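Subject: Structure handover

Hello,

Here is the structure I said I would pass on. My notes on what was found in it follow below.

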Amino acid sequence: LDTHLVLQKPFYLPSHLIPLSSHFSGPRLPMGVVLMMSAIPTGMIGLVNTATGLAVIRFFIGVGGSTFVMAQYWTTRMFTKEWAGTANATVGGWGNLGGGVTQILVGSILFPLLKNAY
């Protein structure tokens, strides 16, 4: 079951080279490209019906993790050096909070609804 979590990391690590282009074009363009690249496998996850398919899709979704680096770079450039640390902490914290709220809502609201539907 945890194999799909392990397989997302090999693509996640090299994808951190993509934010280096932020220094030349700014963070908006590479971030948009990465989000579009990770949206395709994310949209296809509903078509998966085997463990191997899940592992392959999670491998390609791993590229979406590099958007955190670009968001931090973008936030650092938008704020003065006195406020950049606070802004980066807020951006990173809200991202983690959103993931946590999603986990709670899906686990406590969506799963019981689907359990009763089937």
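Trp94, Leu97, Val101, Leu105, Ile109 and Leu113 together form a nonpolar surface patch of about 610 Å². Please keep in mind that this is a predicted model. One member of the patch, Trp94, sits in helix H7, which covers residues 84-117. Its relative accessible area is 59%, and because the cut-off for exposed is over 50%, Trp94 counts as exposed.

Helix H7

H7 is 34 residues long. From its first C-alpha to its last it reaches 48 Å, close to the 50 Å expected at 1.5 Å a residue. The helix has a kink of about 35 degrees, and the centre of that kink is valine 106.

Which residues of H7 are buried? They are Ala84, Ala87, Asn88 and Gly92. What these buried residues pack against is helix H6 (67-78).

Asparagine 88 is a case to look at separately. This residue lies in helix H7 and has a relative accessible area of 16%. Buried means under 20%, so Asn88 falls in that class. If residues up to four places away in sequence are not counted, Asn88 touches Gln72, Thr75 and Thr76.

The loop before H7

Phenylalanine 79 belongs to the loop between H6 and H7. Is Phe79 buried or exposed? Neither: with a relative accessible area of 41% it is partly exposed, because that value lies between the 20% and 50% cut-offs. Leaving aside neighbours within four places in sequence, Phe79 is in contact with Ala84 and Ala87. Both of these contact partners appear among the buried residues of H7.

Helix H4

H4 runs over residues 28-44 and has 17 residues. At 1.5 Å a residue, H4 should span 24 Å, and its end C-alpha atoms are 25 Å apart, so the two values agree. The buried residues of this helix are Pro30, Met31, Val34, Ser38 and Pro41.

The chain as a whole

The chain contains seven helices and zero strands. Read along the sequence, its pattern is α-α-α-α-α-α-α. There are 118 residues in the chain, and 25% of them count as buried. The accessible surface of the chain comes to about 8,400 Å², with 72% of that area belonging to carbon and sulfur atoms. For contacts between residues at least 6 apart in sequence, 66% join residues at least 24 apart.

To recap the part on H7: the helix contains the exposed Trp94, the buried Asn88 and the kink centred on valine 106.

Regards

Notes
Residues numbered from 1 in each chain as written. Predicted model: local features only at pLDDT ≥ 70, side-chain atom pairs only at ≥ 80, totals over all residues. Heavy atoms only, no water. Patch = residues over 30% accessible without salt bridge, like charges linked within 9 Å, V, L, I, M, F, W, Y side chains within 5 Å. Areas by Shrake-Rupley, 256 points an atom, 1.4 Å probe, with all protein chains shown as cover. Salt bridge = Lys/Arg side-chain N within 4 Å of Asp/Glu carboxyl O. Helix = DSSP H or I, 4+ residues; strand = E, 2+ residues; numbered from the N terminus. Buried < 20%, exposed > 50% of the residue type's maximum accessible area, 1.4 Å probe, protein only. Expected span 1.5 Å × (residues − 1). Bend = angle between axes of the 7 residues up to and from the residue. Contact = heavy atoms within 4.5 Å.
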